[in-house]
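Biologist: I am new to this model and would like a close look at one part of it. Could you start with a pair of packed helices and then walk me outwards from there?

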Amino acid sequence: MQTFTYIFLAFLLASTLVQIYLSLRQKQHVSTHRSAVPAPFADKITLDEHQKAADYTLAKGGVGRIDLLIGLVVLLAWTLGGGLEWLDQQWRSFGWGDLYTGTAVIISLILIGSLLDMPLSLYRTFVLEERFGFNKMTPATFLMDLLKGAALSLLIGIPVVMLILWLMESAGSLWWLYAWAALTAFSLLMTWAYPKFIAPLFNKFSPLEEGEVADRLNALLTRTGFNSKGVFIMDGSRRSAHGNAYFTGFGKNKRIVFFDTLLKHLTPAQVEAVLAHELGHFKRKHIVKGMALSMIMTLTGFAVLAWLMGQTWFYTSLSISQPSTYMALLLFVLVSPAFTFFIGPIMAWWSRKHEFEADEFAAQQSSGTELIAALVGLYKENASTLTPDPWYSAFYDSHPPAAIRIAHLQQQTD
């Protein structure tokens, strides 16, 4: 084994041990606080509801640890175990050029990975989510989603993969800059196209009907100066009892989407407060900042890949005998998470900061009290734990812990 092999193994081991440690901390913390509802929620959430959230969190954590260990074994099998080398040689035997061989290797790797993920995906949907009353998906819907997703991935993914590989092979020393520009343009196109052309393949979207909710939301949109293609209701209840709301698209193709499950549990005033929070992300330019950060990170990644592509040790250290552009790309995608894992807390902190800012906007434009009531309702209906481990939350949670978020909102309403 070479020096980079040991470096990769060290980072992989460190990140895996930290993830297991944090998961076990979460398990211990949630279990310890399972017996009593936290004081700020004592008059809003029953003990049974609190314990359901704790049990749901513990069950998901157990599956997550299994998934982590399986992922570790699969990654080592693909790299140091020679799996990628074997897959590469199988496709090379057809005698195609690097562009077609590379595309075949990458697509087949993704398909094999999807098959390996299937058992846990089925377990999560039809056992874990079913046990806690969240799954509404039938086997037929699951299969249809799977087939649609696979067809869409192939239809969109193959041209994109071929374009990136062609640029890597043909665009000279600045290929990484051209590839970044192409991928950025494609991402923007998909962001624009998703709400109108892709999402309707999986869900039904209906315009919000006239009534008190519509009146409140339209008034909020008017006074905040937000223009969109409208407010839509998504039939999320076809697949899950979880509720949510989100923005999608950009430019003139922006849409506001509420899950139908969300509207069933919130009052009109609470729905308005939730929308005000989502508008806060737009008005505070969180979406633009997020896109800019993603572009910077992608550009940095391509630049690093361009350097690694010319280093023979990058291939041989990971059990690849024949260097190629497509194998450099695959290896980079597979091993980089081990090296970037520890920036996770920074990204989570940044996201939580944005959530606080969006909450502040909602309290100014709508009602902080109603947003608190809506959040408590969401915690209850989604069985979100009220007592996450602080370290676990700092590493992973894109939203502030419930108690901290509610306390911050109460300060805005005082």
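Is the crossing of α7 and α9 left-handed or right-handed?

Modeller: Happy to help! The crossing of α7 and α9 is right-handed (the near helix is turned clockwise from the far one by less than a right angle; anticlockwise would be left-handed). Before we go on, please keep in mind that this is a predicted model, in which local features need pLDDT of at least 70 and side-chain atom pairs count only at pLDDT 80 or more, while totals for chains, interfaces and linings use all residues. Residues are numbered from 1 along each chain as its sequence is written, and side-chain values use heavy atoms, with hydrogens and water left out.

Let's stay with that pair. Helix α7 covers residues 212–224 and α9 covers 268–283 (helices are DSSP runs of H or I with at least four residues, strands are E runs of at least two, and both are numbered from the N terminus). Their axes come within 9 Å and cross at roughly 30° (axes are lines fitted to C-alpha atoms, for helices over the stretch in contact, with angles from 0 to 180 degrees between N-to-C directions). That angle makes α7 roughly parallel to α9 (under 35 degrees is roughly parallel, over 145 roughly antiparallel, 65 to 115 roughly perpendicular, and the rest oblique).

On the α7 side, the residues that meet α9 are Glu212, Val213, Arg216, Leu217, Leu220, Leu221, Arg223 and Thr224. Facing them from α9 are Pro268, Ala269, Val271, Glu272, Leu275, Ala276, Leu279 and Lys283 (contact is heavy atoms within 4.5 Å). Sorted by class, this contact has 10 nonpolar, one polar and five charged residues (Ala, Val, Leu, Ile, Met, Phe, Trp, Tyr, Cys and Pro are nonpolar; Asp, Glu, Lys and Arg are charged; the others, Gly among them, are polar).

Leucine 275 is a good guide from here. Leaving aside neighbours within four places in sequence, leucine 275 is in contact with Leu217, Leu220 and Leu221, and also with Ile256 and Phe258. It belongs to the largest nonpolar core, which has 41 residues (a set of buried Ala, Val, Leu, Ile, Met, Phe, Trp, Tyr and Cys residues joined through side-chain atoms within 4.5 Å). Within this core, the residues that touch the most other members are Phe41, Ile256, Phe258, Leu262, Leu275 and Leu279. Both α7 and α9 give two or more residues to the core, as do the strands β2 (231–234), β3 (245–248) and β4 (255–259) and the helices α13, α14 (368–381) and α16. It is α14 that gives the most, with seven residues. Apart from this core lies another, of 37 residues, among them Val161, Leu167, Leu308 and Val335.

Two of those helices lead us further. Helix α13 (residues 344–365) packs with α10 (residues 286–308) at an angle of about 165°, with the axes 11 Å apart. That makes α10 roughly antiparallel to α13, and their crossing is right-handed. From α10, His286, Lys289, Gly290, Leu293 and Met297 make the contact, and from α13 the partners are Met347, Trp350, His354, Glu357 and Ala358. This contact has five nonpolar, three polar and two charged residues. Helix α16 (residues 402–413) holds glutamine 411, which counts as exposed at 57% relative accessibility (over 50% is exposed, under 20% buried, and in between partly exposed, with a 1.4 Å probe and protein chains only).

Val335, met above in the other core, brings us to one more pair. Phe4, Ile7, Phe8, Phe11, Leu12 and Ser15 in α1 meet Val335, Ala338 and Phe339 in α12. The axes of α1 and α12 are 8 Å apart at an angle of about 60°, and the two helices are therefore oblique to each other. Here α1 passes α12 in a left-handed crossing. The contact has eight nonpolar, one polar and no charged residues.

Threonine 5 is also found in α1 (residues 3–32). With a relative accessible area of 2%, threonine 5 is buried, and it touches Leu80 and Ser317, not counting residues up to four places away in sequence.

Last comes α3 (residues 83–92), where Gly83, Leu84, Glu85, Leu87, Asp88 and Arg92 are buried. The buried residues of α3 pack against α2 (47–78), α4 (98–131) and α12 (325–340). In α2 you can also find glutamine 51, which counts as buried at 17% relative accessibility.
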